[in-house]
Protein chains: 2
Amino acid sequence: MDKHSYTIAEVAKMLKVSPSTVSRAINNAPGVSDSVREKILNFVDEIGYRPNTIAQSLSRGKSNMVALILGDIRNPFYADLAFGIQKNLDTHGYIVTTFNSEYDYRKEIEFIQFAKQYHYCGIILVTVNSKEADKYINKLELPILLVNRITEHYNGSFVVTDNFQAGYIAARHLINLGHKKISFMSGHHKSSTASYQRFLGYRQALKNYCLSYNEQYCLFDLNWKMETGYEAAKKIFSLSPSPDFPSAFLLSNDLLALGFMDYCEEHGIRIPDDVSLVSFDNIVYSGLHRIQLTTVSQHVEKISSEASKVMIDLLEEPSKEPRKIIIEPTLIERNTTRAYKNAES
Amino acid sequence: MDKHSYTIAEVAKMLKVSPSTVSRAINNAPGVSDSVREKILNFVDEIGYRPNTIAQSLSRGKSNMVALILGDIRNPFYADLAFGIQKNLDTHGYIVTTFNSEYDYRKEIEFIQFAKQYHYCGIILVTVNSKEADKYINKLELPILLVNRITEHYNGSFVVTDNFQAGYIAARHLINLGHKKISFMSGHHKSSTASYQRFLGYRQALKNYCLSYNEQYCLFDLNWKMETGYEAAKKIFSLSPSPDFPSAFLLSNDLLALGFMDYCEEHGIRIPDDVSLVSFDNIVYSGLHRIQLTTVSQHVEKISSEASKVMIDLLEEPSKEPRKIIIEPTLIERNTTRAYKNAES
DNA sequence: TTGAAAGCGCTAACAC
DNA sequence: GTGTTAGCGCTTTCAA
């Protein structure tokens, strides 16, 4: 029953040494004889002394907390990311706090300032990528790492998926299946480079295969959520019928796709019989036997391990060149796509 | 472009007042004339000064960080819980750090000690509930709140679901459907009160309706994960056929159920035609049109709002009586259960 | 109402 | 190899 926490001064006094010696011993710093070090370590262990991290941080002028700012931890993609990063950084003695910006750039900026005020030692940011954030990021004196999305004027370290390629292979898959009319349902198009790059990849594929792009059936301001995917489907399928109506859809992420599917199922639109679907992320629920969503994997475990490594580098060797890591996506073919069948055939 | 963060001393000097006056002003403490206060506040705002929270914490002897220790953020139930708690506490000026114990009591204890060393001001704990943790929890001098599960000798504040009731209504639903042989697939039975209470409720229902309990088809050490549910199904369905084989299963949580379903689907066991399934949590994916899992909702948004309220109480009025909050679960009837049909009929 | 000064628990020069 | 001492940036008595 430790009634109160000891201070380093108390420990020093009990051991009849100076606080600095204790400090050196517990921090594995040089300048203590082995015998004294051992004595101190044993004693400290015995009485259960642990240095006050707050005091350490203040004295050292830096903490060991890193902030992870992302859209929404309830998105399984981010939950995986956060889990991985947290676990990796944990083993290196860092502690990470996760902040949900809810895809709102004002919250994001608030959290960035917050991290600064709290003297976090670094920031891992999945930005919503507004012009505003851009300004804040560049005038930040904290080590920062952008994950998944980069801003326009950023030239620091990042770890991202090759989203252009992701969009390209998703579209190509559909094209190879014979689809001619393919629509894109995008997350905040203007603000998210991730979504925008995927869109560009899709456009490129269309172009390369001489297919036309029909903006009428595309949506560009979706909010990455299941409900939004549901609403998107409602909107699209309530459009008056036309020969131009798409036979396949690209959805910006799996959550949107799941919502989209839900609407379809409820309204007798069969997948993949009536329309084909491809999305991005490969969250675990997409692989469920009853779901079988064809999707482009971003390899989240790879992203989180790379991001952890880069962050640790940034923290421990600040002088190093910025690291720019791009990860190749992979198409996971499952069951929401099938060969295009002409109505007349 | 603020090159460096100002200190309170610098601000004071610029304003030709003392640091204490600045401190009082920015903390809304009494003892400053309105005119001076206003002047300080305006200036501080203008130059973008923010007090160093680390220094504040050290000086005050307490921080405003609360630790949330839970099993695994990748479980959507916990993601929802964490999201809600974080959002609520955020608006009260607290910052919450989430730790994943991975259902390992040693990690849990490590995190508890950690929170102490870092001078967190409070802990919200979803314990794995080992005897070990029990000891640590009770000799803790930090405000602590147990969520979802309580330990044997705990007599502090908690917010939990009525898990006995949850188990009872789940089983009763199946019984009303005519099922006679109902099996229970449990999370760590011995260590989790949540799971154990659900099991007890189930046993009680069996008893009340004069049904027999057959341990042979129950499993008690599952690990709350999808893969584990999959393995559980494999294990059960590889048992040699018998007239006692259950026609319905209760699964400790939705993730287990999803994995269980996956195995069944893959092996031609139809749900609900061949076997009925009920589980607990009502994560969002259970409601998907293609899934339609019948489950018992714990009302996670209610849990998180109550937990937040109680934690804030604990922090701000430490003298108050412990709060003990029990939330009633609700059965969500969907599509993984159906009336029992005798093979001969 | 305001300011001076001590101190929170630790680290890191600097001296011995 | 070890100890002394001066901060880190803030809050909070206490005195004015």
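Visitor: What classes make up the surface near DNA strand C?

Guide: The model is predicted. By class, the surface near DNA strand C has 8 nonpolar, 13 polar and 4 charged residues.

Visitor: What makes a residue part of the surface near DNA strand C?

Guide: One of its heavy atoms must lie within 4 Å of the strand. For DNA strand C, 25 residues surround it. The closest are Ile8(A), Ser23(A), Tyr49(A), Ser59(A) and Ser33(B).

Visitor: Which helices supply that surface?

Guide: Helix 2 and helix 4 of chain A do, and so do helix 2 and helix 4 of chain B, with at least two residues each. Helix 4 of chain A gives the most, with 4 residues.

Visitor: Why is the pair formed by Thr21(B) and DNA strand C called a polar contact?

Guide: A polar side-chain atom of Thr21(B) lies 2.7 Å from a phosphate oxygen of DNA strand C. The cut-off for two N or O atoms is 3.5 Å, so the pair qualifies. Asn52(A) has a phosphate contact too, with a backbone N or O atom 2.9 Å from a phosphate oxygen of DNA strand C.

Visitor: How do you know that Ser20(B) has a polar contact with a base of DNA strand C?

Guide: An N or O atom in the side chain of Ser20(B) is 3.0 Å from a base nitrogen of DNA strand C. That value is within 3.5 Å, and therefore the pair counts. Of the DNA strand C atoms within 4 Å of the protein, 65% belong to sugar or phosphate, and the rest to bases.

Visitor: What makes Ser59(A) a polar contact partner of DNA strand D?

Guide: A polar side-chain atom of Ser59(A) is 3.2 Å from a base nitrogen of DNA strand D. The limit is 3.5 Å, so this pair passes. Two side chains of chain B pass on phosphate oxygens of DNA strand D: Asn27(B) at 2.9 Å and Gln56(B) at 2.8 Å.

Visitor: Which residues and helix stand out around DNA strand D?

Guide: Of 24 surrounding residues, the closest are Ser20(A), Ser33(A), Ile8(B), Tyr49(B) and Ser59(B). Helix 4 of chain B gives the largest share of the surface, 4 residues. The classes there are 8 nonpolar, 13 polar and 3 charged.

Visitor: Why do strand 4 and strand 5 of chain A count as paired?

Guide: Strand 4 (residues 144–147) and strand 5 (residues 157–161) of chain A share 3 bridges, in the parallel sense. Pairing needs at least two bridges, so they pair. Val147(A) has Val159(A) as its bridge partner in strand 5.

Visitor: Why is the sheet of chain A called open?

Guide: Its 6 strands run in the order 2-1-3-4-5-11, with parallel pairing. Strand 2 (95–100) and strand 11 (324–327) of chain A stand at the edges with a single partner strand each, so one side of each has no neighbour in the sheet. On average, neighbouring strands of this sheet are turned by 15 degrees against each other, direction ignored.

Visitor: What makes Gln117(A) a residue of the largest pocket?

Guide: Lining residues have an atom within 4 Å of a pocket point. Gln117(A) is one of the 43 that line the largest pocket, and is among those nearest its centre, with Arg50(B), Pro51(B), Asn52(B) and Thr53(B). About 1,300 Å³ of space lies in this pocket. Helix 6 of chain A gives the most to its lining, with 7 residues.

How values were computed
Residues are numbered from 1 along each chain as its sequence is written. Chains are lettered from A and ligands numbered from 1 in the order in which they are written. This is a predicted model: local features need pLDDT of at least 70, side-chain atom pairs count only at pLDDT 80 or more; totals for chains, interfaces and linings use all residues. Side-chain values use heavy atoms; hydrogens and water are left out. A polar contact is a pair of N or O atoms within 3.5 Å; within protein, one must be able to donate a hydrogen and the other to accept it, and residues adjacent in sequence count only if both atoms are side-chain atoms. Ala, Val, Leu, Ile, Met, Phe, Trp, Tyr, Cys and Pro count as nonpolar, Asp, Glu, Lys and Arg as charged, and the others, Gly among them, as polar. Axes are lines fitted to C-alpha atoms, for helices over the stretch in contact, and angles run from 0 to 180 degrees between N-to-C directions. On a 1 Å grid over the protein atoms alone, a cavity is a set of points where a 1.4 Å probe fits but cannot get out, and a pocket is an open set with protein on both sides within 12 Å along at least five of seven lines; lining residues have an atom within 4 Å of a point. Grid points are joined across faces, edges and corners, and a volume is the space filled by probe spheres set on the points.
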